[in-house]
Amino acid sequence: SQSLSQAKIGLATALARERETTILYELNVALAGLTREEEILQIVGQKIIEHFPVEAVLVFFPVKNKNPYQYIFPDGKSLPIRIPDVCVNISGGEDSVGEIKIWTIQELDHPQMRLLRAFGSQTTLVLEKAFLVNAQNKARLLEESDRLKSTLLSSVSHELRTPLSTIKA
């Protein structure tokens, strides 16, 4: 009976880990290739609503020189008046630190809290990747702009030198 009990516990643990892995895989697939902060934050909020027993979710993320992104899930729902039950910090490049505030229907157990922290970590990674991709694109544009300016300056300088050489001759 002890062996059977241990086997049942092992099976339940394996099934719970499989479920967590599947949920994280779905999140990764949904976030793959995204580079816009607002899309990333919306998907994370929707996935939290989908997979956890929550009443409401607020995703807040400040963006430099813009209004902060603030999304409430489910859409159209007002936030409860009480203090959030869970807060998960997220960041995304250049000292932008936001948070996901969650109001739960029932208390979350340890595996659910671990999974929520994994959601926060994954969100941070994807936001930082998006920040780096955007910075790379800006650097590429500046490099191209600099190259065009150099070409124009070289052309203008050549056009000025040719008549001067003729006049001197």
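**Exercises on the pocket, the sheet and helix 3**

The largest pocket has a volume of about 360 Å³. The model is predicted: local features need pLDDT of at least 70, side-chain atom pairs count only at pLDDT 80 or more, and totals for chains, interfaces and linings use all residues. Residues are numbered from 1 along each chain as its sequence is written, and side-chain values use heavy atoms, with hydrogens and water left out.

**Exercise 1.** Determine which residues line the largest pocket closest to its centre, and describe the lining by class.

*Solution.* Of the 15 lining residues, Glu37, Val63, Lys64, Phe131 and Lys138 are the closest to the centre. A pocket here is an open set of points on a 1 Å grid over the protein atoms alone, where a 1.4 Å probe fits, with protein on both sides within 12 Å along at least five of seven lines; lining residues have an atom within 4 Å of a point. Helix 3 gives the largest share of the lining, four residues. By class, the lining holds five nonpolar, five polar and five charged residues.

**Exercise 2.** State the order of the strands in the sheet and identify the edge strands.

*Solution.* The open sheet consists of four strands in the order 2-1-4-3, with antiparallel pairing. Strand 2 and strand 3 each have a single partner strand, so one side of each is left without a neighbour in the sheet. From one strand to the next, the twist averages 15°. Strands are DSSP runs of E with at least two residues, helices are runs of H or I with at least four, and both are numbered from the N terminus. Two strands pair if DSSP finds at least two bridges between them.

Next, consider the individual pairs. Strand 1 (residues 54-61) is joined to strand 2 (residues 69-73) by five bridges, with phenylalanine 61 opposite tyrosine 69 and valine 57 opposite phenylalanine 73. Helix 2 (residues 37-51) packs on this sheet and touches strand 1, strand 2, strand 3 and strand 4. Between strand 1 and strand 4 there are six bridges, and phenylalanine 60 stands opposite glutamate 99. Strand 3 and strand 4 (residues 97-104) are likewise antiparallel, over six bridges; here lysine 101 is the bridge partner of cysteine 87. Five residues lie between the strands of this hairpin, in which glycine 93 takes a positive phi near 85°.

**Exercise 3.** Explain which side chains of strand 3 are buried and which are not.

*Solution.* Buried means under 20% relative accessible area, exposed over 50%, and partly exposed in between (1.4 Å probe, protein chains only). The side chains of strand 3 (residues 86-91) alternate: Val86, Val88 and Ile90 point to one face and are buried. Cys87, Asn89 and Ser91 point to the other face and are not buried. In strand 1, six of the eight residues are buried.

**Exercise 4.** Establish whether threonine 123 and phenylalanine 119 are buried or exposed, and list their contacts.

*Solution.* Threonine 123 is found in helix 3 (residues 110-168), and counts as buried because its relative accessibility is 0%. Contact means heavy atoms within 4.5 Å. Not counting residues up to four places away in sequence, threonine 123 touches Leu41, Val44 and Ile90. Phenylalanine 119, also placed in helix 3, counts as buried at 1% relative accessibility. With the sequence exclusion of up to four places, phenylalanine 119 touches Ile23, Leu24, Leu27, Lys47, Ile48 and Phe52. From C-alpha to C-alpha, phenylalanine 119 and valine 88 are 8.7 Å apart in space, and 31 residues apart in sequence.

Key: Points joined across faces, edges and corners; volume = space filled by probe spheres on them. Nonpolar A, V, L, I, M, F, W, Y, C, P; charged D, E, K, R; others polar. Axes fitted to C-alpha atoms, helices over the stretch in contact; angles between N-to-C directions.
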